[in-house]
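I opened this model to look up how its interior is put together, and I kept my notes in the order in which I checked things.

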Amino acid sequence: MGAGAILVAGMADTPEENSRYANDLVLWRELVTSRFGASHADVQILYLDGGSSLGEAATLDNLAAAFARSSDTIEENDPFFLVVTNHGYPVDADPARCKSTIAPPGRFFAWPETSVFPEDISEMAADLKSRRQAFVFGQCGAGAFSELASEHRAVLCACLAHQASSALPSLPWDEFLYNVADALGARSSGKPPSGNLRDAFHRAKAQSSADHEGCDGESPLLCDPGDVASRIVVRAYFGQYP
């Protein structure tokens, strides 16, 4: 039994921001391999234009191909993670001010600035066999992707659909992605790791920013109708999955 993941950062930014996105992906690669037993071959990284050694270009075609490979290799009882960092577009809280013809809401970006909507991910993920899927979105407006939750899929969002997400003020990671990974034991925080993804989410939520550069902060969201997150268990902590 193993695990698999697709880790995505798709839109170029400043060098400092690009470095932070890379840190997010490396952190989650370490987490999925060390705590959930994934092989490096089953952790696919899509990073910007593919010009670095970190991963392939984060194009829409490569994202679809990554899902196709995971559908072939990840089995029913294997945990599977989709983790998205980088930019998204928050849905305006006031529909009268939401100019969707200019900036369609509920999306993140593939390379170079290609919009990826919830329905795109739903179609790409349709053939996944895993019954322990966790889709983790760290971008602004992440809550728009909560509609992807299902009996076999938990969706964790850094913020609600109309909110901006936060970076850690003192460390070069996305706040929510870091806090979830840290709760699962990806880095040494001095605290025992959470036993499962549901507990890790609630620990991360308790640490979320109350304010973000004058915005209303981020309100992490877990949508999990099948209680999947409680069955995504840290393998290195408990020894094996139930």
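I looked first for the largest nonpolar core (buried Ala, Val, Leu, Ile, Met, Phe, Trp, Tyr and Cys residues joined through side-chain atoms within 4.5 Å; buried means under 20% relative accessible area with a 1.4 Å probe, protein chains only), and I found that it has 44 residues, with Trp28, Tyr47, Phe81, Phe176 and Leu197 making the most contacts inside it. Among the elements that give two or more residues to this core are β1, α1, β2 and β3 (79-84), where helices (H or I, at least four residues) and strands (E, at least two) are DSSP runs numbered from the N terminus. The largest share, eight residues, comes from α1.

I noted that the model is predicted, that local features need pLDDT of at least 70 and side-chain atom pairs pLDDT 80 or more, while totals for chains, interfaces and linings use all residues. Residues are numbered from 1 along each chain as its sequence is written, and side-chain values use heavy atoms, without hydrogens and water.

I then turned to strand β2 (residues 43-47), which is largely enclosed by the rest of the structure because five of its five residues are buried. Val43, Ile45 and Tyr47 lie on one side and Gln44 and Leu46 on the other, so that both faces are covered. In a regular strand the side chains alternate between the two faces of the sheet.

Last, I checked the pairing (at least two DSSP bridges between two strands): five bridges join β1 (residues 4-9) to β2, and the two run parallel. Leu7 has Ile45 as its bridge partner in β2.

Technical notes. Buried < 20%, exposed > 50% of the residue type's maximum accessible area, 1.4 Å probe, protein only.
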